[in-house]
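Got a minute to go through the charge pairs in this one? Let's pull it up and talk it over.

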Amino acid sequence: MLDTSARLLRLLSLLQAPRSWPGSELAERLGVSGRTVRNDVDRLRELGYPVDATRGATGGYRLGAGAAMPPLLLDDEEAVAVTIALRTAAQGAVPGAEETSLRALAKLEQVLPSRLRRRVRTLMAYTVAVRPDRPVPAVSADVLTVLVSACRDRERLRFDYLDHAGSPTRRLVEPYRAVNWGRRWYLVAWDVEREDWRTFRVDRIEPRTPTGPRFAPREPPGGDVSAYVSQRVSSAAWRYHARVVVRAPAAAVIERINPAVGTVEAVDADSCVLVTGADTVQTLAVYLGMLDFDFEVSEPGELVTHLRRLADRYARSTPAIRRGGKTRQAR
């Protein structure tokens, strides 16, 4: 049997799991009687840990929220995962989070067992992050907090916004979710005045307080907010747009493209329309070639011209081969 101090730490570790523990199960885990479990729960409460208890078949003990955060008891894999996450956050694009992450990381590494400290340091020493090819706009932690709080409380939000061209606008929205994509943050919200869903860059938002009245939540756009953001953000930056008829079932085409590349509209059982785009016609041609299906393109004209040029180039790359006095096309 564990001594009292070790048993209390073990009990605290079990109670930190997001579930309720029946007293009988805790007693079995700790190798003690139900009475000892009740006494240990009382000791934790005396130490300031809010242990909630509920009766009934689905009842039990669980750790509640208190005025102070109790010490976290992590297993080996959890400790490594948290350490790596803190190191990643320390290199993030949210000002203020870097310093906080480094402080938390220093505390965690100080108490890591030597075997785990070696694992973490090896991971950090032999992994390298590629710097972004362009500066990533910083997002204010205070702004991000205001946005997600409005999402949680379902309160209308007013803010000043710089659009893609840098022109200032003022928006009134019903915020739904803040979405993180890489090192950028976006707000998905229902634009009240435009009566449609919109995606806003968080680094271009300047909230106005106080927030507005509460609103009834709407169904999210497309049912998948992350896919909605990736498609909207990508298409907004496209220089060339194309509608391509693909001679294949829509389901087969959807399996081969990322939502950021485009959307698929079924025509019939054997064909569909791919709405896509890119910064260059060369990139568009690559997307279409990777589909490995027959397709037809009528616009934009620049893409049609480029595909014809590619067709000629590919034809020239497979010259006729003379064999036995006869000429045949190489395959």
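What follows is a short back-and-forth on salt bridges.

This is a predicted model, where local features need pLDDT of at least 70, side-chain atom pairs count only at pLDDT 80 or more, and totals for chains, interfaces and linings use all residues. Residues are numbered from 1 along each chain as its sequence is written, and side-chain values use heavy atoms, with hydrogens and water left out.

User: How many salt bridges does the structure hold?
Analyst: Side chains of opposite charge can pair when their charged atoms come close. Here a salt bridge means a side-chain nitrogen of Lys or Arg within 4 Å of a carboxyl oxygen of Asp or Glu. On that basis the count is 17.

User: R218 and E174 meet in a salt bridge, but which of them is buried?
Analyst: Buried means under 20% relative accessible area, exposed over 50%, and partly exposed in between (1.4 Å probe, protein chains only). R218 comes in at 37%, so it's partly exposed. At 5%, the buried one is E174.

User: And how many residues apart are E296 and R247 in sequence?
Analyst: Their closest N and O atoms are 2.8 Å apart, forming a salt bridge. E296 lies in strand β11 and R247 in the loop between β8 and α9, with helices (H or I, at least four residues) and strands (E, at least two) being DSSP runs numbered from the N terminus. So the pair ties together parts whose separation in sequence is 49 residues.
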